[in-house]
Each structure stands twice: as structure tokens, then as C-alpha cells.
Amino acid sequence: QEGRLNFTNMRAAALEQLYQDFELRGVDMFRGVHEHAADLAEEEDAANTQFTAVLKAATELVTEIDIVKHQMSPCFAPHWHVEALWSSCVAHVCSNHIVQQIGGPDGQNLPDLSITQLLELVAWVEYFRETIEETFPEVASMRNTKKTYFVEERPELFAGDKRTVNMKNA
């Protein structure tokens, strides 16, 4: 194939790279939390400190949804749905870390959490839901009771041609 031109689907490649960069931003946010928790590992209240730090990092990422929507998204074509990509990455990364804190999808650590921690968890879930519904009003009508976890792998956000975002999955 030497001497032949190879064409790359630039939009698909750019969207995939953007998604990976967004995901790395979330992972980096939590890396600091876990490193700090490791430093406190010998302290009596280390588990409580880590739980609080995870929710704080998750809150910071959710707060950035509005920033991405109003400051970053306008720099891209509307059909790129940059705010949906960011929000999906936030949901994926935050849910993974919160699910780890509560002892997996079955919540095996929930009985060990204090009342304050449980209330903080419920408050964070409500904050996330409200932020998503304010950012994407059409999501409110899409509510269902099906539980979906992305613990092992990230959700498939791109449509078949990889050039568009599958808004239902996002």
C-alpha cells in the first residue's frame, strides 16, 4: 500500500480522543483522592476521610458539567455533543468510584456507613440527577428503573459510524 493515500475519519478520531481525554481528567481527579487516602491509611478515620474525599472529587467533576456546556461546547460543532460526552465520562468515572466505596453493585459496605455518610451519598446522587436534568431536560422524560452499571467498561457512546454521539446511550 506504499504510495497510496490513507484517509482517516477525522471526526471519529477526534471524538474518541476527546472522550479519552475527558475520561483521563476524571481518573486524575480520583487518583489524587486515593493517594491522599493511602497517606492516611494508618489513621483511625481513614475510611471516612476517603469516602468524603471521593464524594468531593465527584462533586467537582459534576460542577464542571456546566463549565463544559457553556464554555467548551460552543467551540465545537453542535452535533459533536461535547457536553454529553463529558457528562457520560463523569457518570462513568464517578459511579465506578462511588460503587467501590459502597462495596460493589450490591452495596456490601452500606451497613458499615454512618448515617451522615448515607445522607451525603443520597445528597450527591440527587445533586448529580438534578445537574443532568438541568443540562439535558429531555433526560427527565427518559427515566426508567433499569439499573445500569459501567463498572467493568465504559458505555458505548458513539453511533455505528463513530462520527456521531448516541444520545440515548450517553
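Buried means under 20% relative accessible area, exposed means over 50%, and partly exposed is whatever falls in between (1.4 Å probe, protein chains only). Keep that handy for the exercises below.

This is a predicted model, where local features need pLDDT of at least 70, side-chain atom pairs count only at pLDDT 80 or more, and totals for chains, interfaces and linings use all residues. Residues are numbered from 1 along each chain as its sequence is written, and side-chain values use heavy atoms, with hydrogens and water left out.

**Exercise 1. Work out what the chain is built from, and how confident the predictor is.**

Step 1: count the elements. The protein chain has 4 helices and 0 strands, where helices (H or I, at least four residues) and strands (E, at least two) are DSSP runs numbered from the N terminus. Along the sequence that reads α-α-α-α.

Step 2: check the confidence. pLDDT is the predictor's confidence in each residue, from 0 to 100. Its mean over the protein chain is 82, and 75% of the residues reach 70 or more. Among the elements, α4 has the highest mean (94) and α1 the lowest (84). Where pLDDT is low, don't read the predicted coordinates in detail.

Step 3: look at burial. Of the 170 residues in the protein chain, 35% are buried.

**Exercise 2. Describe how α2 and α3 pack.**

Step 1: get the geometry. Helix α2 (residues 46-72) and helix α3 (residues 82-101) pack at about 175°, with axes 9 Å apart. Here axes are lines fitted to C-alpha atoms, for helices over the stretch in contact, and angles run from 0 to 180 degrees between N-to-C directions.

Step 2: name the arrangement. Angles under 35 degrees count as roughly parallel, over 145 as roughly antiparallel, 65 to 115 as roughly perpendicular and the rest as oblique. So α2 and α3 are roughly antiparallel to each other.

Step 3: find the residues that touch, with contact meaning heavy atoms within 4.5 Å. On the α2 side they include Phe51, Leu55, Leu61 and Ile65, and on the α3 side Trp86, Val90, Cys94 and Ile98.

Step 4: sort them by class. The α2 and α3 contact has 14 nonpolar, 4 polar and 3 charged residues. Ala, Val, Leu, Ile, Met, Phe, Trp, Tyr, Cys and Pro count as nonpolar, Asp, Glu, Lys and Arg as charged, and the others, Gly among them, as polar.

**Exercise 3. Track down salt bridges inside α1 and α4.**

Step 1: set the rule. You want a side-chain nitrogen of Lys or Arg within 4 Å of a carboxyl oxygen of Asp or Glu. The whole structure gives 4 salt bridges.

Step 2: try α1 (residues 10-39). Asp28 and Arg31 both sit there, 3 residues apart, about one turn of the helix. Their side chains pair at 2.5 Å, N to O. Asp28 is partly exposed at 41%, and Arg31 is partly exposed at 42%.

Step 3: move to α4 (residues 115-135), which holds Glu126 and Arg129, 3 residues apart. That pair meets at 2.6 Å, N to O. Arg129 also bridges to Glu133 at 2.9 Å, N to O, 4 residues apart in α4. Shared partners join Glu126, Arg129 and Glu133 into one network.

Step 4: check accessibility in the network. Glu126 is partly exposed at 33%, Arg129 is partly exposed at 26%, and Glu133 is buried at 17%.
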